Amino acid sequence: MPSPLEHDYIGFSSSSSNFEEEVEVEDLKGTELRLGLPGSESPERKPVVGLSLGLPKSSVSGLKRGFADTVDGSGGWIFSGGSGGGMENGKGGPLVSQKEENGGGTSGQDSKGHVLSAKAQVVGWPPIRSYRKSMMPTNLDKNKDGIEDKQSFGCVFVKVSMDGAPYLRKVDLKTYDNYKELSSALEKMFSCFTIGQCTSQGVQGKDGLSQSCLADLLHGSEYVLTYEDKDRDWMLVGDVPWDMFTNSCRRLRIMKGSDAIGLAPRVKEKSKNRNDLANQMQKPV
Amino acid sequence: MASKKKKEAIDEGKSMEIRVSLFPDEVLERVLGFVKSHKDRSSVSLVCKDWYTAERWSRTHVFIGNCYSVSPEIVARRFPNIRSVTLKGKPRFSDFNLVPPNWGADIHSWLVVFASAYPFLEELRLKRMTVTDESLDFLARSFTGFKALSLVSCDGFSTDGLASIASYCRNLTELDIQESGIDDLGGSWLSYFPESFTSLETLNFANLNSEVNFDALEKLVSRCKSLKVLKVNRSITLEQLRRLLMRAPQLVELGTGSFSQDHLLRADAELEAAFNNCKSLHTLSGLWEVSSMYLPALYPACTNLIFLNLSYATLQSTELAKLLPNCPLLRRLWVLDTVEDKGLEAVASNCHFLEELRVFPADPFDQEGIPEGGGTGVTEFGFVAVSKGCPNLRYVLYFCRQMTNVAVATVVRNCPNFTHFRLCIMNMCEPDHITKDPMDEAFGAVVKTCKKLRRLAVSGLLTDRTFEYIGTYAKNLETLSVAFAGRSDRGMQSVLEGCPKLRKLEIRDCPFGNSALLSGLDRYESMRSLWMSACKVTINGCRLLARRMPRLNVEVIKEDDNDDTQAEKVYVYRSVAGPRRDAPPFVITM
């Protein structure tokens with residue numbers, strides 16, 4: 001950890017305020033995510049740049065709780081369900097509870113390609129009240145695209161994020177007929193991120209998926225597929241009939257299983273179905 | 001006893017005292033009854049014992065800015081005739097999830113005392129307090145003449161609690177639950193208002209999601225002829241809104257529902273006619289799903305608008321530009337940054353009487369990335385434009401991603417009358433985006449130019465210089481919010497030393513440590529509270545403060561077991577009630 005005496009409070013030297021500066025943070029060096037399109041070799045990247053990094057540990061409440069807990073000391077992704085406890089609800093700074101967490105949990109992506117996990121997870125910044133977040137209109141994209149009702153045009157594009165992946169994807173829910181098709185499509189889309197961790201140094205296996213590795217990751221409680229509905233609640237995918245789902249789904253998120261416990265109560269009851277869901281996510285043999 | 005005193009005064013020949021104490025108590029109380037401001041009342045009570053007594057007997061409203069600064073028993077003992085109570089609970093940073101759940105500020109113990117001390121209590125206004133259904137039920141049953149319930153940013157209750165209020169408060173005039181985090185179990189609560197119930201004047205349930213029985217709502221609105229404020233929730237459609245407006249053309253404040261319709265209304269003219277009827281409207285809000293198609297129907301109702309809250313409506317600049325000319329008298333405007341700088345230029349052209357502007361971010365967490373349309377919210381250009389066209393601005397809340405020192409200096413030069421200046425540059429520690437300098441000079445300009453400044457929120461890359469400016473120039477400053485700023489203890493010290501009227505100081509993620517904390521030793525008793533989180537204060541520093549100032553509550557919130565020496569979150573406030581008796585385990589009083 002850089003001593004706060006050497007740098008200014010946020011870890012930058014006083015002569016420059018350029019955020020592109022490298023910030024040495026021991027804990028986080030090994031957790032660099034690999035960027036790059038599926039199938040390409042990941043370029044050498046700069047260390048994680050986030051404004052709250054480099055701070056004395058005690059000084060960044062959100063960072064301490066959020067980021068450190070998604071990453072274990074060895075620097076790899078957390079695969080086991082017991083990642084750092086993960087259950088932060090009682091501490092008031094959870095990663096995932098939509099109602100509580102400002103970042104809404106979409107970590108790891110940013111149009112500039114920087115890892116945003118740290119930034120998105122600083123509790124309470126920007127200072128927008130939880131009430132305002134939950135009351136935001138649902139038609140944020142509407143005016144930009146000029147599409148009044150996406151469904152009336154026969155396609156339902158929703159963004160899909162995966163915890164730890166550096167960028168989002170978009171899928172048209174109307175191109176699938178059921179949950180199985182959707183989950184296998186998502187699997188294919190996001191396998192590059194998980195595989196990147198399976199093999200060393202992020203080089204993609206030439207023949208695509210490593211069966212056993214992907215299966216290890218997606219089986220059981222490693223990842224669950226969740227979605228945000230019209231009421232801005234985060235729900236587990238699979239509870240409602242497919243048509244109802246496509247009508248109410250606003251976006252998707254592939255969440256770490258351990259984080260999904262913080263979801264809405266209804267979801268808690270359905271947590272026993274998670275195994276069923278995980279089975280749905282299996283690649284068809 | 002009183003008349004005996006007067007006799008003594010006369011006997012002793014103190015002419016001044018004679019003139020004062022010749023008033024019988026009843027007259028003094030009657031006169032003082034006209035004094036409403038709680039600051040004035042405090043002054044009155046300090047004049048002499050007679051006046052203290054007259055004041056406490058004549059007071060009907062008490063305002064308690066920090067529920068832990070005093071106990072309900074002390075309040076009840078001092079003021080026997082209270083009819084209206086305003087209470088604030090949690091520190092403001094709880095709005096941003098910095099205060100753990102179950103921290104406290106539960107209203108129940110207050111209600112129990114009030115039930116016996118003030119059986120005729122009529123009004124309860126709470127902010128950031130925890131209220132349970134049980135408490136609401138207790139309230140509804142204990143105070144037969146209860147009239148007004150306002151719960152702003154409260155939590156802990158559900159729609160069941162509302163049903164209790166509706167059922168038992170026969171004289172209810174106000175039910176306002178704005179921005180409260182409530183468990184929405186359904187809309188049936190509204191149907192609990194009895195058919196004989198007609199006294200409602202204010203109804204605000206805008207934050208609820210579930211559908212209420214529209215029939216019940218329509219009947220309620222019809223029979224409450226004094227209804228002045230109606231803010232409905234999202235589930236109310238445009239057509240339903242139209243019907244409500246036809247029943248209540250006397251409305252003064254309206255919160256529309258979603259303002260959209262799944263299918264086209266049969267006749268837009270009908271909608272416009274309904275709004276045409278509402279000539280008394282001075283406040284308009286809601287408009288969550290507003291589509292440009294229906295917006296023009298609003299225009300006739302905007303003639304007398306003073307306050308327009310579009311902060312949930314994703315309007316583009318063109319739509320705003322068309323709407324604003326219909327609101328010539330506008331004084332307060334809240335918008336989303338989807339209107340962009342161009343929209344703010346429209347504000348500058350049309351809203352000459354504007355006093356308050358709040359620009360909220362539509363996408364504060366960058367989740368949408370940079371939108372395809374290139375929209376990036378508002379910038380320094382919009383800010384300067386508004387300042388040119390609206391010289392009466394005195395309140396601004398501005399969320400943006402970039403700003404320059406020069407722009408802010410220009411803004412305050414154009415509008416020197418700011419009393420509230422809250423600038424939030426959302427990218428943390430963002431410097432002047434052109435010069436790359438810290439934003440010190442921006443806030444320096446603000447405090448130097450705006451002599452009446454009472455509230456300031458700073459952001460961007462800031463060194464200690466900002467705080468030196470504040471300490472030197474902001475002599476009327478009462479509230480200061482600081483995040484991710486400053487370089488050393490000197491920063492916080494400058495403020496504590498230099499701002500004599502400071503009442504609320506809230507700081508997060510700044511390098512201020514024990515030295516800074518202790519530099520305010522002789523200030524905290526004249527302040528309402530101090531919040532410091534993720535700074536460099538240690539437990540020992542807090543202990544020292546507590547030891548030196550026994551009439552302060554110095555509370556440390558400890559959520560982690562990791563580091564025993566750091567004080568993660570510190571909340572310091574003056575209190576005559578002593579340490580909290582209801583503190584949860586993670587709140588430790590030093």
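## Helices α7 and α8 of chain B

In this predicted model, helices α7(B) and α8(B) run roughly parallel to each other. Their axes cross at roughly 15° and come within 10 Å. Because an angle under 35 degrees counts as roughly parallel, the value of roughly 15° for this pair places α7(B) and α8(B) in that class. Helix α7 of chain B covers residues 108–117, and helix α8 of chain B covers residues 133–142.

The crossing of α7(B) past α8(B) is left-handed. On the side of α7(B), the contact is made by His108(B), Leu111(B), Val112(B) and Ala115(B). The residues that α8(B) contributes are Glu134(B), Ser135(B), Phe138(B), Leu139(B) and Ser142(B).

## A second pair: α11 and α12

Two packed helices are described by the angle between their axes and the distance between the axes. For helix α11 (residues 238–247) and helix α12 (residues 268–276) of chain B, the angle is about 40° and the axes are 9 Å apart. How are α11(B) and α12(B) oriented to each other? They are oblique, because an angle of about 40° falls outside the range under 35 degrees that counts as roughly parallel.

In this pair, too, the crossing is left-handed as α11(B) passes α12(B). Helix α11(B) makes the contact through Leu238(B), Leu241(B), Arg242(B), Leu245(B) and Met246(B). From α12(B), the participants are Glu270(B), Leu271(B), Ala274(B) and Phe275(B).

## The loop before α7 and strand β2

The loop between β2 (84–88) and α7 of chain B holds Asp106(B). This residue is partly exposed, its relative accessible area being 30%. Leaving aside residues up to four places away in sequence, Asp106(B) touches Tyr68(B), Met129(B), Thr130(B), Thr132(B) and Ser135(B). Ser135(B) also belongs to the α8(B) side of the contact with α7(B). The C-alpha atoms of Asp106(B) and Arg401(B) are 37 Å apart, and 295 residues separate the two along the chain.

Strand β2 of chain B contains Thr86(B). With a relative accessible area of 13%, Thr86(B) is buried. Beyond residues up to four places away in sequence, it touches His61(B), Val62(B), Phe63(B), Ile64(B) and Arg125(B). Thr86(B) and Ala583(B) are 497 residues apart in sequence, while their C-alpha atoms are 22 Å apart in space.

## Backbone features

Most residues other than glycine have a negative phi, and most peptide bonds are trans. Ala105(B) has a positive phi, near 60°, although it is a residue other than glycine. Ala105(B) is found in the loop between β2 and α7 of chain B, and it is buried at a relative accessible area of 0%. Asp509(B) is not a glycine either, yet its phi is positive at about 55°. The place of Asp509(B) is the loop between β19 (504–508) and α20 (514–519) of chain B; this residue is buried, with a relative accessible area of 0%.

In chain A, the peptide bond between Trp125(A) and Pro126(A) is cis, with omega about -5°. Pro126(A) is located in the loop between α3 (117–120) and α4 (130–135) of chain A.

## Cysteines

How many disulfides does a search of the whole structure find? The search finds zero over all chains. In the case of Cys499(B), the closest cysteine sulfur is that of Cys450(B), which is too far for a bond because the distance is 14 Å and a disulfide requires sulfur atoms within 2.5 Å. Cys499(B) is buried, at 0% relative accessibility. Cys48(B), by contrast, is partly exposed, with a relative accessible area of 30%.

## Chain A and confidence

Chain A has ten helices and five strands. Of its 285 residues, 54% count as buried. Among contacts in chain A between residues at least 6 apart in sequence, 62% link residues at least 24 apart.

The average pLDDT of chain A is 54, and 31% of its residues score at least 70. In residues 139–154 of chain A the pLDDT is below 50, and this stretch has 27 contacts in the model beyond near neighbours in sequence. Residues 195–220 of chain A also have a pLDDT below 50, with 40 contacts beyond near neighbours in sequence. For chain B, the average pLDDT is 91, and 94% of the residues score at least 70. For the complex, the predictor gives an ipTM of 0.85 and a pTM of 0.71.

Notes. Residues numbered from 1 in each chain as written. Chains lettered and ligands numbered in written order. Predicted model: local features only at pLDDT ≥ 70, side-chain atom pairs only at ≥ 80, totals over all residues. Heavy atoms only, no water. pLDDT = per-residue confidence, 0-100. Contact = heavy atoms within 4.5 Å. Buried < 20%, exposed > 50% of the residue type's maximum accessible area, 1.4 Å probe, protein only. Axes fitted to C-alpha atoms, helices over the stretch in contact; angles between N-to-C directions. Helix = DSSP H or I, 4+ residues; strand = E, 2+ residues; numbered from the N terminus. Parallel < 35°, antiparallel > 145°, perpendicular 65-115°, else oblique. Left-handed = near helix turned anticlockwise from the far one by under 90°.
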